[in-house]
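Me: I've got a structure here and would like to talk it through, one question at a time. Can you take a look with me?

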Amino acid sequence: FQKHEFFVEMTCKGCSNAVTRVLHRLGGVQFDIDLPNKKVFIDSEHSVDTLLETLKKTGKNASYLGEKSAQ
């Protein structure tokens with residue numbers, strides 16, 4: 001899997017919970033949320049477009065930062 005890095009405008013726990021909710025609903029993802037740096041790292045077979053659309057369902061500003069090579 002590619003690990004994708006996204007920026008999401010998250011300011012509080014409620015924001016990160018919203019991200020968690022939409023990603024769980026999408027399914028087939030493993031993810032880590034870095035709230036202080038407003039980043040979400042996602043391991044998934046879904047396309048970047050699908051992931052970005054999903055993140056935008058939170059109503060937050062979201063953008064794709066690039067791929068992280070799997071460690």
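Me: Let's start in a loop. Is Gly28 buried or exposed?
Reply: Bear in mind that this is a predicted model. Gly28 sits in the loop between H1 and E2. Its relative accessible area is 61%, and over 50% is what we call exposed, so Gly28 is exposed.

Me: Which residues does Gly28 touch, if I skip those up to four places away in sequence?
Reply: Gly66 is one to check for scale: it lies 38 residues along the chain from Gly28, and their C-alpha atoms are separated by 19 Å. The residues that Gly28 does touch, with that sequence filter on, are Asp43, Ser44, Glu45 and His46.

Me: OK, on to the sheet. What is the order of its strands?
Reply: Let's build it from the pairings. E2 is joined to E3 (residues 39–44) by six bridges, antiparallel, and E1 pairs with E3 over six bridges, also antiparallel. E1 also pairs with E4 in the antiparallel sense, again over six bridges. Put together, that's an open sheet of four strands in the order E2-E3-E1-E4.

Me: Which strands stand at the edges?
Reply: Look for a strand with a single partner, because one side of such a strand is left without a neighbour in the sheet. From one strand to the next, by the way, the twist averages 25°. The edge strands are E2 (29–34) and E4.

Me: Which strands does helix H2 touch as it packs on the sheet?
Reply: Helix H1 (residues 13–26) packs on the sheet too, touching E1, E2 and E3, with its direction at about 170° to that of E2. Helix H2 (residues 48–56) has a direction about 30° from that of E1. The strands touched by H2 are E1, E2, E3 and E4.

Me: Now His4. Is it buried or exposed?
Reply: His4 lies in strand E1 (residues 2–8), and its bridge partner in E3 is Ile42. Its relative accessible area is 6%, and the cut-off for buried is under 20%. So His4 is buried.

Me: Which side chain makes a polar contact with the side chain of His4?
Reply: Beyond four places in sequence, the contacts of His4 include Val40, Phe41, Val48, Leu51 and Tyr64. The polar contact between side chains spans 2.9 Å, and the partner is Tyr64.

Me: There's one aromatic pair by the counting rule. How are the rings of Phe6 and Tyr64 arranged?
Reply: Phe6 lies in strand E1 and Tyr64 in strand E4 (residues 62–68), so the pair ties together parts 58 residues apart in sequence. Phe6 is buried at 0% relative accessible area, while Tyr64 is partly exposed at 31%. The ring centres are 5.1 Å apart and the planes are at 50°, so the pair is tilted.

Me: Last one: which elements each supply at least two residues of the largest nonpolar core?
Reply: That core has 13 residues, and Val8, Val19, Leu23, Val40, Ile42 and Leu55 have the most contacts inside it. Leu23, for instance, touches Val29, Phe31, Val40, Ile42, Thr54 and Leu55, leaving out residues up to four places away in sequence. The elements that each supply at least two core residues are E1, H1, E3 and H2.

Conventions:
Residues numbered from 1 in each chain as written. Predicted model: local features only at pLDDT ≥ 70, side-chain atom pairs only at ≥ 80, totals over all residues. Heavy atoms only, no water. Buried < 20%, exposed > 50% of the residue type's maximum accessible area, 1.4 Å probe, protein only. Polar contact = N/O pair within 3.5 Å; in protein donor to acceptor, adjacent residues only side chain to side chain. Contact = heavy atoms within 4.5 Å. Phe/Tyr/Trp six-rings, centres within 6.5 Å; stacked < 30°, edge-to-face > 60°. Pairing = 2+ DSSP bridges. Axes fitted to C-alpha atoms, helices over the stretch in contact; angles between N-to-C directions. Core = buried A, V, L, I, M, F, W, Y, C linked by side-chain atoms within 4.5 Å.
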